[in-house]
Amino acid sequence: MGERRQPFLHRVGEAGATVGSKPPRSKRVRLAIQLGIAILVFGFLVLTVVDQWAEIQDKGVHFHVAWLIPAFIILPVFYALNAVGWDLILRFLGYRLGTGRAQVAWGQPLLARYVPGSVLYVLGRVLLSERSGVPRRLTIASIVYEQALQATSAIIFAAYFLIDHPDLQGQPLRWGVLLLIPLALTLLHPRVFGPLSNRVLRAFGREPLPEVMSLRGVIAVLVFYALNWGVVAVGLWCVARSVSDVSAGDILTVGAAQAFGYVAALVTLVAPAGLGIRDAAFAWAVKVAAPGGSFAVASLIAIVVRGVMTVVEILYVAVVTALGRKEGWSIHTGVLHPSPEEEEASKGDAGPELVGRQDQQ
């Protein structure tokens, strides 16, 4: 009698646990993917800017680079605080990485989000956390909590500005965003989140969560993330101010636009790291603060914001990677440097003599 075949959802769970665990082996393939993503990111917004350049000039657009200086000071703090927030989640789940290691584990794989069809970002955090004694399943649970809490805090932060958005006036459904807040809090309650998540995990043949957060912990981290959206609001307002005359009274509007873009990217799950989706959503939301409510000006702001945020991410990753290597605590994600698979392939192509010389060094 043959072996009993696994249920369909169990097979899906097994496949989901392994898919994307390795980056593309070919450097050319990865470069082509990243170049294609970059083109898609800016394509729509750039075409909007080019097509409506005359309108943009009429709105008094200018480029004051000096405003980028405070932006490059404030925005890295936003990323660092996100790592602190994740460390808080781990603490409420019964483990503690510590501030330094949390920065490395959260930040070093950050750019791996841009590899499409891959879970390298999650895998990197899992592996680095495991080296500090955090079980893999608990790290994954902390990432699930992180995404849910960040999305909920983003909805809370952006709710008023979405309801007040000119394009949504007269649409009674816009008030539905307020229902998402108590719904999210209910789902995150330990008496609901624990049994619900374990039922889903069992359906896919996965083990139940080892721990759940208390309601006090959920609320504390939620408040922390909401305050961090305020931090990024100030930084992105400085970026917007470098392009156009955005009023200081619109700082929260700019932050709400970024929060809305985050939720839009999270819901669609189409592009890696929300590329394109987040930018378009941000442009639509931030046009309220743009001169004359111009979407063309908002698109230009969105392009500059994406560029600045990308540079800040690279700088932040470089710093935490250097910190991790200094402590002998780092991994290769195959994004900024060759993956282990590529290194093995390179050794194979180099021939035994070169491999021997490398082993001796």
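In the predicted model, the buried residues of helix α6, which covers residues 120–130, are L120, Y121, G124, R125, V126, L128 and S129. These buried residues pack against three other helices, namely α4 (68–92), α5 (99–107) and α7. The contribution of α5 can be followed through W106, which has its place in that helix and which, with a relative accessible area of 5%, is buried because this value lies under the 20% cut-off. When neighbours within four places in sequence are left aside, W106 is in contact with Y79, N82, A83, W86, Y121, R125, E146 and Y316; of these partners, Y121 and R125 are listed among the buried residues of α6. A further relation of W106 across the sequence is given by V317, which is 211 residues away along the chain, while the C-alpha atoms of the two residues are separated by 9.4 Å.

Helix α7, one of the elements against which the buried residues of α6 pack, comprises 28 residues (136–163) and should span 40 Å at 1.5 Å a residue, a value that agrees with the 40 Å found between its end C-alpha atoms. The helix nevertheless contains a kink of about 40 degrees, centred on F157. The loop between α7 and α8 (177–188) holds Q169, which counts as partly exposed because its relative accessibility is 39%. Apart from neighbours within four places in sequence, the contacts of Q169 are with I163, D164 and R174.

The loop that follows, between α8 and α9, contains H189, a residue that is partly exposed, with a relative accessible area of 24%. Once residues up to four places away in sequence are discounted, H189 touches G194 and L215. The second of these partners, L215, lies 26 residues from H189 along the chain, and the C-alpha atoms of the two residues are separated by 5.8 Å.

Helix α9 itself (residues 190–203) has 14 residues and reaches 20 Å from its first C-alpha to its last, which is close to the 20 Å expected at 1.5 Å a residue. Its buried residues are F193, G194, S197 and N198. Viewed down the axis of α9, these buried residues fall within an arc of 115 degrees, and they therefore line one face of the helix. An α-helix has 3.6 residues a turn, so residues three or four places apart point the same way. The face of α9 turned away from the buried side carries the exposed residues R191 and R199, whereas the cover over the buried residues includes α7 and α8.

Further along the chain, S244 is found in the loop between α10 (215–241) and α11 (251–268). Although S244 is placed in a loop, it counts as buried because its relative accessibility is 0%. Leaving aside neighbours within four places in sequence, S244 is in contact with H62, P291 and V297. By contrast, A280, which is found in helix α12 (residues 277–286), counts as partly exposed at 26% relative accessibility. A280 and A264 are 16 residues apart in sequence, and their C-alpha atoms are 9.4 Å apart in space.

At the level of the whole chain, the secondary structure comes to 15 helices and 0 strands, and 44% of the 361 residues count as buried. The largest nonpolar core contains 79 residues, of which L75, L149, L236, V239 and F282 touch the most other members. For V239, the residues touched, not counting those up to four places away in sequence, are L68, A71, L75, V304, V305 and V308; L75 is thus both a partner of V239 and one of the core residues that touch the most other members. Among contacts in the chain with a separation of 6 or more, 73% are accounted for by residues 24 or more positions apart. The accessible surface of the chain comes to about 18400 Å², and 65% of this area belongs to carbon and sulfur atoms.

How values were computed. Residues are numbered from 1 along each chain as its sequence is written. This is a predicted model: local features need pLDDT of at least 70, side-chain atom pairs count only at pLDDT 80 or more; totals for chains, interfaces and linings use all residues. Side-chain values use heavy atoms; hydrogens and water are left out. Helices (H or I, at least four residues) and strands (E, at least two) are DSSP runs, numbered from the N terminus. The expected span of a helix is 1.5 Å times one less than its number of residues. The bend at a residue is the angle between axes fitted to the seven residues ending there and the seven starting there. Buried means under 20% relative accessible area, exposed over 50%, partly exposed in between (1.4 Å probe, protein chains only). Contact means heavy atoms within 4.5 Å. Accessible areas come from the Shrake-Rupley method with a 1.4 Å probe; for residues, only the protein chains shown count as cover. A nonpolar core is a set of buried Ala, Val, Leu, Ile, Met, Phe, Trp, Tyr and Cys residues joined through side-chain atoms within 4.5 Å. The arc is that of the directions from the helix axis to the C-beta atoms.
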